[in-house]
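Reader: Could you walk me through this structure, one question at a time? I would like to start with how the terms are used and then go through the model piece by piece.

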Amino acid sequence: MKKSKLKRSFFNRSTVEVAVDILGKVLICRDGSTKLGGRLVEVEAYIGRDDPACHASKGRTPRNEIMFGKPGLLYVYFTYGNHYMLNIVTEREGFPAAVLLRGLEPVYGINQMMKNREVNKVTNIANGPGKISQALGITTRQKGVDVTGDRIYLVDDKTKPDEIWCSPRIGIGADGADRMWRFFIKGNSYVSRAPKHICEMARVFNKGIR
DNA sequence: TATTGGATCGCC
DNA sequence: GCGATCCAATAG
């Protein structure tokens with residue numbers, strides 16, 4: 001089986017489908033001779049104007065306008081005075097939606113990522129959304145970068161992820177907390193520390209797994 | 001122009 | 001469990 005780079009058509013689908021399918025794929029960031037990245041193990045879906053937790057729920061603003069753009073663009077924003085959140089835009093152009101990257105199993109450039117994070121445990125490099133951006137050197141400068149290009153992209157190496165589970169999204173208030181739109185690989189050590197949430201197997205997306 | 005709170009993290 | 005930290009969004 002050959003490795004392949006994910007194309008725009010991958011992201012031009014329903015956000016839940018993209019969120020589930022992107023688990024197990026490898027995110028690569030190239031900068032000159034530096035190659036950083038790893039396998040995605042936890043993501044969340046933010047879907048359109050009807051999703052109260054989606055930044056675009058109240059319409060288009062300077063911050064969220066990238067979400068209305070082409071599927072496959074990076075949506076990066078700054079929050080809590082400290083952290084950059086890395087998202088990939090999904091669905092057709094004009095429909096504001098994205099997948100937030102929350103957990104990554106380090107594969108490439110582990111030493112450099114540990115330097116970027118000032119940590120010395122691999123399990124503490126990228127087990128949280130702010131940590132992923134810091135490890136990879138992502139800031140709002142990367143907002144709008146196209147992941148079908150050659151600087152930041154995703155690779156399908158045909159690895160089958162283990163069981164996919166879902167839960168409510170983290171850090172979301174009552175509005176939108178009912179949606180089970182956080183997806184992660186059950187038991188993986190690089191999933192972020194989460195509050196005690198109801199988790200269940202995402203049965204629809206685990207065909208063939210019993 | 002002022003105020004408020006956040007898709008978090010790290011340390012107590 | 002709580003404070004840091006600063007920007008975006010909203011209200012006045």
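Author: Gladly, and one term comes first: a polar contact is a pair of N or O atoms within 3.5 Å. Please keep in mind that this is a predicted model.

Reader: Thanks! Which atom of DNA strand B does a backbone N or O atom of Y80 lie 3.3 Å from?

Author: The cut-off for a polar contact is 3.5 Å. The distance from the backbone atom of Y80 is 3.3 Å. The partner in DNA strand B is a base nitrogen.

Reader: And which residue places a polar side-chain atom 2.9 Å from a base oxygen of DNA strand B?

Author: DNA strand B also has a phosphate oxygen 3.2 Å from a polar backbone atom of P129. The base oxygen you ask about is approached by a side chain, and that side chain belongs to H83.

Reader: How many residues surround DNA strand B?

Author: The closest ones are Y77, N87, R117, G130 and K131. Elements that give two or more residues to this surface are β4 (74-79), β5 (83-89), β6 (97-108) and α4 (129-136). By class, the surface has 10 nonpolar, eight polar and three charged residues. The number of residues surrounding DNA strand B is 21.

Reader: Now the other strand, please: what percentage of the atoms of DNA strand C within 4 Å of the protein belong to sugar or phosphate?

Author: The residues around DNA strand C are K58, T61, P62, R63, F78, Y80, G81 and N82. They divide into three nonpolar, three polar and two charged. Of the DNA strand C atoms within 4 Å of the protein, some belong to bases, while the share of sugar or phosphate is 74%.

Reader: Which residue has a backbone N or O atom 2.4 Å from a base oxygen of DNA strand C?

Author: A sugar or linking oxygen of DNA strand C is 3.5 Å from an N or O atom in the side chain of R63. N82 reaches a base oxygen with a polar side-chain atom, at 3.1 Å. The backbone atom at 2.4 Å from a base oxygen belongs to Y80.

Reader: Let's turn to the interior. Which strand gives the most residues to the largest nonpolar core?

Author: Nonpolar side chains tend to be buried together in soluble globular proteins. Here the largest nonpolar core has 47 residues, and F11, L86, L101, L136 and F183 touch the most other members. L86, for one, touches residues that include L27, L74, V99 and I138. The strand that gives the most to this core, with six residues, is β3.

Reader: Is helix α2 mostly covered or mostly open, and how many of its eight residues are buried?

Author: The buried residues of α2 are T15, V16, V18, A19, V20 and I22. D21, by contrast, has 30% relative accessibility, so D21 counts as partly exposed. Helix α2 is mostly covered, and its number of buried residues is six.

Reader: Which residue does D21 meet in a salt bridge?

Author: The two side chains come to 2.8 Å, N to O. The partner's relative accessibility is 23%, and therefore the partner is partly exposed too. That partner of D21 is R13.

Reader: How far apart in sequence are the parts that E42 and R182 tie together?

Author: The side chains of E42 and R182 meet in a salt bridge at 2.9 Å, N to O. Both residues are buried. Salt bridges that share partners also join E42, E44, R102 and R182 into one network. Because E42 lies in strand β3 and R182 in strand β9, the pair ties together parts whose separation in sequence is 140 residues.

Reader: One last stop: is A126 buried or exposed?

Author: A126 is found in the loop between α3 and α4. Setting aside neighbours within four places in sequence, A126 is in contact with R102, G103, L104, K131, I132 and Y190. Residues under 20% relative accessible area count as buried. At 1% relative accessibility, A126 is therefore buried.

Definitions and conventions:
Residues numbered from 1 in each chain as written. Chains lettered and ligands numbered in written order. Predicted model: local features only at pLDDT ≥ 70, side-chain atom pairs only at ≥ 80, totals over all residues. Heavy atoms only, no water. Buried < 20%, exposed > 50% of the residue type's maximum accessible area, 1.4 Å probe, protein only. Helix = DSSP H or I, 4+ residues; strand = E, 2+ residues; numbered from the N terminus. Core = buried A, V, L, I, M, F, W, Y, C linked by side-chain atoms within 4.5 Å. Contact = heavy atoms within 4.5 Å. Salt bridge = Lys/Arg side-chain N within 4 Å of Asp/Glu carboxyl O. Near = heavy atom within 4 Å. Polar contact = N/O pair within 3.5 Å; in protein donor to acceptor, adjacent residues only side chain to side chain. Nonpolar A, V, L, I, M, F, W, Y, C, P; charged D, E, K, R; others polar.
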